[in-house]
Amino acid sequence: MSAPIDVVLQRLDKVKAAGAGKWKACCPAHDDRDPSLSIREAEDGKVLLHCWAGCDTESIAAAIGLTIRDLFPGSSMRPVSSGPSKAARELEATVISIAVEHLRQGRQLSAADRDRYETAKRRLGVAV
């Protein structure tokens, strides 16, 4: 069984070390382009998450297919999935659908919308 920190870090984007037992990453609970999520492994092995944009820990965990309980060692964590959670896949599919419909109608996507569209495609591994 993997340590909670390993499971969490594997499911995040743009993870970078920020010191001993500390990392930064893009928050999966909101459209984050610049990493605003602080991750820390406590001495007892629990994972501490703090989004500087204000997302709560439960939303962050849910966005990567985990529960609060999964952030603690010895929990009965589900095996690491090979991709995003069902909720994350549905969200990304919705983003793609909206963008494709706009493009089909001949509308331009703003730079931010195009970036979000590309992120959704990358996360789902699709070429639209």
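How many disulfides does the structure hold? I looked this up before anything else, and the count is zero. I note at the outset that the model is predicted.

**Entry 1: the cysteines**

I wished to know why C27 forms no such bond. A disulfide is a covalent bond between the sulfur atoms of two cysteines. For C27 the closest cysteine sulfur lies in C51, and because the two sulfurs are 3.8 Å apart, the distance is too far for a bond. The cut-off I applied is that the sulfur atoms of a disulfide lie within 2.5 Å. From the side of C51 I read the matching result: C51 is in no disulfide, and its nearest cysteine sulfur, that of C27, is 3.8 Å away.

I then checked the accessibility of both residues. C27 has a relative accessible area of 0% and is therefore buried. C51 has 3% relative accessibility, so C51 counts as buried. The cut-off for that term is under 20% relative accessible area.

**Entry 2: the chain as a whole**

I listed the secondary structure next and found four helices and four strands in the chain. Along the sequence I read the order as α-β-β-β-β-α-α-α.

The chain has 128 residues, and 32% of them are buried. I recorded an accessible surface of about 7,700 Å² for the chain. Carbon and sulfur atoms hold 53% of that surface. Among contacts with a separation of 6 or more, 41% are between residues 24 or more positions apart.

**Entry 3: the sheet**

In what order do the four strands stand in the sheet? I found an open sheet with the order β1-β2-β3-β4 and antiparallel pairing. The edges are β1 (13-19) and β4 (47-51), each of which pairs on one side only. From one strand to the next, the twist averages 25°. I keep a general point beside this: strands of a sheet pair through backbone hydrogen bonds, either parallel or antiparallel.

I went through the pairs of strands one by one.

- β1 and β2 run antiparallel and are joined by four bridges. I found G19 opposite K22 of β2. The two strands form a hairpin with two residues between them, and G21 in the turn takes a positive phi of about 70°.
- β2 (residues 22-26) and β3 (residues 37-41) are also antiparallel, with four bridges between them. K22 has R40 in β3 as its bridge partner, and W23 stands opposite I39 in β3.
- β3 and β4 run antiparallel with five bridges. S38 is partnered by H50 in β4. This hairpin has five residues between its strands, and G45 in the turn has a positive phi of about 95°.

K22 thus appears twice in my notes: opposite G19, and as the bridge partner of R40.

**Entry 4: A53**

Is A53 buried or exposed? I located A53 in the loop between β4 and α2 (57-63). A53 has a relative accessible area of 53%, so A53 is exposed; the cut-off for that term is over 50%.

I also looked up what A53 touches. With neighbours within four places in sequence set aside, A53 is in contact with H30 and S36. L37 is 16 residues from A53 along the chain, and I recorded 8.2 Å between the C-alpha atoms of the two.

**Entry 5: helix α4**

Helix α4 covers residues 111-124, which is 14 residues. I compared its span with expectation: at 1.5 Å a residue α4 should span 20 Å, and because its end C-alpha atoms are 20 Å apart, the two agree.

Which residues of α4 are buried? I found R116, Y117, T119, A120 and K121. An α-helix has 3.6 residues a turn, so residues three or four places apart point the same way. I then asked what covers the buried residues of α4. The cover includes α3 (86-104).

My last reading was taken just after α4, where G125 has a positive phi of about 70°.

How values were computed. Residues numbered from 1 in each chain as written. Predicted model: local features only at pLDDT ≥ 70, side-chain atom pairs only at ≥ 80, totals over all residues. Heavy atoms only, no water. Buried < 20%, exposed > 50% of the residue type's maximum accessible area, 1.4 Å probe, protein only. Contact = heavy atoms within 4.5 Å. Areas by Shrake-Rupley, 256 points an atom, 1.4 Å probe, with all protein chains shown as cover. Expected span 1.5 Å × (residues − 1). Pairing = 2+ DSSP bridges. Axes fitted to C-alpha atoms, helices over the stretch in contact; angles between N-to-C directions.
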